[in-house]
Amino acid sequence: MGKRILVVGVDGGVGSALAARLRAQGMQVTGTSRRRPVADTAGACIPLDLASDLSGWTPPGTIDIAYLCAAMTGLAGCRDDPQTADRINRHNTLLLARRLADAGAFVVFLSTSLVLDGLAPRAAADAPRKPACDYGRQKALAEDGIAALGASAATLRLTKVIRSGMPVLGNWPADLAAGRTIHPFDDLRMAPIRVDHAVEALVAVGHGSEGGLFQVSATHDITYADAAFHIAERLGVPRDRVSPCRSDEAGVILIANPRHTSLDATRLEQTYGIAAPSPFDALDALAPP
Ligand SMILES: NC(=O)c1ccc[n+]([C@@H]2O[C@H](COP(=O)([O-])OP(=O)(O)OC[C@H]3O[C@@H](n4cnc5c(N)ncnc54)[C@H](OP(=O)(O)O)[C@@H]3O)[C@@H](O)[C@H]2O)c1
């Protein structure tokens, strides 16, 4: 019989891809959704709103592996309503983690490179956390709570996850192909990974059941402008359709703008053979040949 898996936040970009992969592998996946009616028609799904009072929450039956993928992920939302964001991203996330671990599940929590200050590339997993935004602070506190669960839980810290249809970058291929000029920021960096790569790492960490902190990242950072030029070249459209600008020129005040976002993924490679890919690999997924 396949493992019994809970994906908290099955409607999200990562949670939906993870649930699809696990179901394709024959696992018994239950998702959770805050949407009404519950949206996941691909399999079992239960309602769960992490902003609500979950003090009476108990796991839905026996769970072998639980992935905590739901979060308030918008940086502006976390800054503007830190109380709600803290309830979702830290308090209730940790409540679920503890109840699931107590019931015998191995818990996998998804965190972010934004728990770090970004001063150095390929940040070590044990680098001091110095988040510069509310979202990063909430995630750092949640990491502490997950670490307190010891061998029952792992944190997977992720850099920027790329998937087709995502906001901003997801529109670039169609815009470029239609002859429109795009204006990527040349002062914003990322070490992007494909959603498939993040899912591969999550599956390995969940099934491997080794607790502690894993990091998943591209080998190095690139700017959003580098990414746009790469997509234009791949699509065979003229380079001058990419017109980079600084974020402030576009009237955008970035809530967090670390100099580096790349993470040292050595433990993931040594434990599960999943090596850090080139950052351009993720962009190729947005613009297939
Ligand atoms: N994507 C990245 O680049 C990235 C990078 C680093 C870390 N991460 C982390 O990876 C995880 C997954 O990210 P993602 O890209 O899949 O994010 P996402 O697409 O924004 O999905 C987040 C999910 O959380 C759900 N959610 C939000 N508030 C909720 C609430 N109060 N109760 C229940 N569910 C709620 C959302 O529900 P709705 O669909 O109904 O809105 C959504 O399905 C998050 O923990 C994120 O912090 C992501």
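**Reading loops, a helix and a ligand shell**

Me: Val-168 lies in the loop between β7 (161–162) and α5. What is the phi of Val-168, positive or negative?

Reply: One caution before the angle: this is a predicted model. The general idea is that most residues other than glycine have a negative phi. Val-168 has a positive one, near 65°.

Me: Which residue in the loop between α6 (195–208) and β10 can I read that way?

Reply: Take Ser-209, which is found in that loop. Ser-209 is not a glycine, yet its phi is positive, about 55°. Now add exposure. Ser-209 has a relative accessible area of 37%, so it is partly exposed. Partly exposed sits between the cut-offs of 20% and 50%.

Me: Which residue follows α7, and what is its phi?

Reply: Gly-236 follows, with a positive phi near 75°. The general rule on negative phi speaks of residues other than glycine.

Me: How many residues does helix α7 have, and what should they span?

Reply: Count residues, then compare the expected span with the ends. Helix α7 covers residues 224–235, twelve in number. At 1.5 Å a residue they should span 16 Å, and the end C-alpha atoms are 17 Å apart, so the two agree.

Me: Which residues of α7 are buried?

Reply: Look for relative accessible areas under 20%. In α7 the buried residues are Tyr-224, Ala-225, Ala-227, Ala-228, Phe-229, Ile-231 and Ala-232.

Me: What do the buried residues of α7 pack against?

Reply: Four elements. These are α5 (172–177), β8 (189–190), β11 (222–223) and α9 (279–286).

Me: Next, a polar residue in a strand. Is Gln-215 buried or exposed?

Reply: Start with its place. Gln-215 is found in strand β10, residues 212–216. Its relative accessible area is 2%, so Gln-215 counts as buried.

Me: What does the side chain of Gln-215 reach?

Reply: For a buried polar side chain, list the polar partners. The backbone oxygen of Ala-123 lies 2.9 Å from the side chain of Gln-215. The side chain of Arg-157 makes a polar contact of 2.8 Å with that of Gln-215. Then list the wider contacts. Leaving out residues up to four places away in sequence, Gln-215 touches Ala-123, Ala-124, Ala-125, Arg-157, Leu-263, Asp-264, Ala-265 and Leu-268.

Me: Where is Asp-126, and is it buried or exposed?

Reply: Asp-126 sits in the loop between β5 and α4. With a relative accessible area of 70%, it is exposed, because exposed means over 50%. Check sequence against space, too. Asp-126 and Leu-213 are 87 residues apart in sequence, and their C-alpha atoms are 8.7 Å apart.

Me: Now the ligand. How many residues surround it?

Reply: Count the shell, then pick out the closest. The shell holds 24 residues, and the closest are Arg-35, Leu-50, Thr-73, Tyr-135 and Lys-139. By class, the shell has twelve nonpolar, six polar and six charged residues.

Me: Which backbone atoms come close to oxygen atoms of the ligand?

Reply: Read these one residue at a time. A polar backbone atom of Gly-12 is 3.0 Å from a ligand oxygen. For a backbone N or O atom of Gly-13, the distance to a ligand oxygen is 2.9 Å. For Val-14, again a backbone N or O atom, it is 2.8 Å. Next comes cover. On its own the ligand has 880 Å² of accessible area, and the protein covers 85% of that.

Me: Which elements give two or more residues to the shell?

Reply: They are α1 (13–24), β5 (106–112) and α4 (134–147). The largest share, three residues, comes from β5.

Key:
Residues numbered from 1 in each chain as written. Predicted model: local features only at pLDDT ≥ 70, side-chain atom pairs only at ≥ 80, totals over all residues. Heavy atoms only, no water. Near = heavy atom within 4 Å. Polar contact = N/O pair within 3.5 Å; in protein donor to acceptor, adjacent residues only side chain to side chain. Areas by Shrake-Rupley, 256 points an atom, 1.4 Å probe, with all protein chains shown as cover. Helix = DSSP H or I, 4+ residues; strand = E, 2+ residues; numbered from the N terminus. Nonpolar A, V, L, I, M, F, W, Y, C, P; charged D, E, K, R; others polar. Expected span 1.5 Å × (residues − 1). Buried < 20%, exposed > 50% of the residue type's maximum accessible area, 1.4 Å probe, protein only. Contact = heavy atoms within 4.5 Å.
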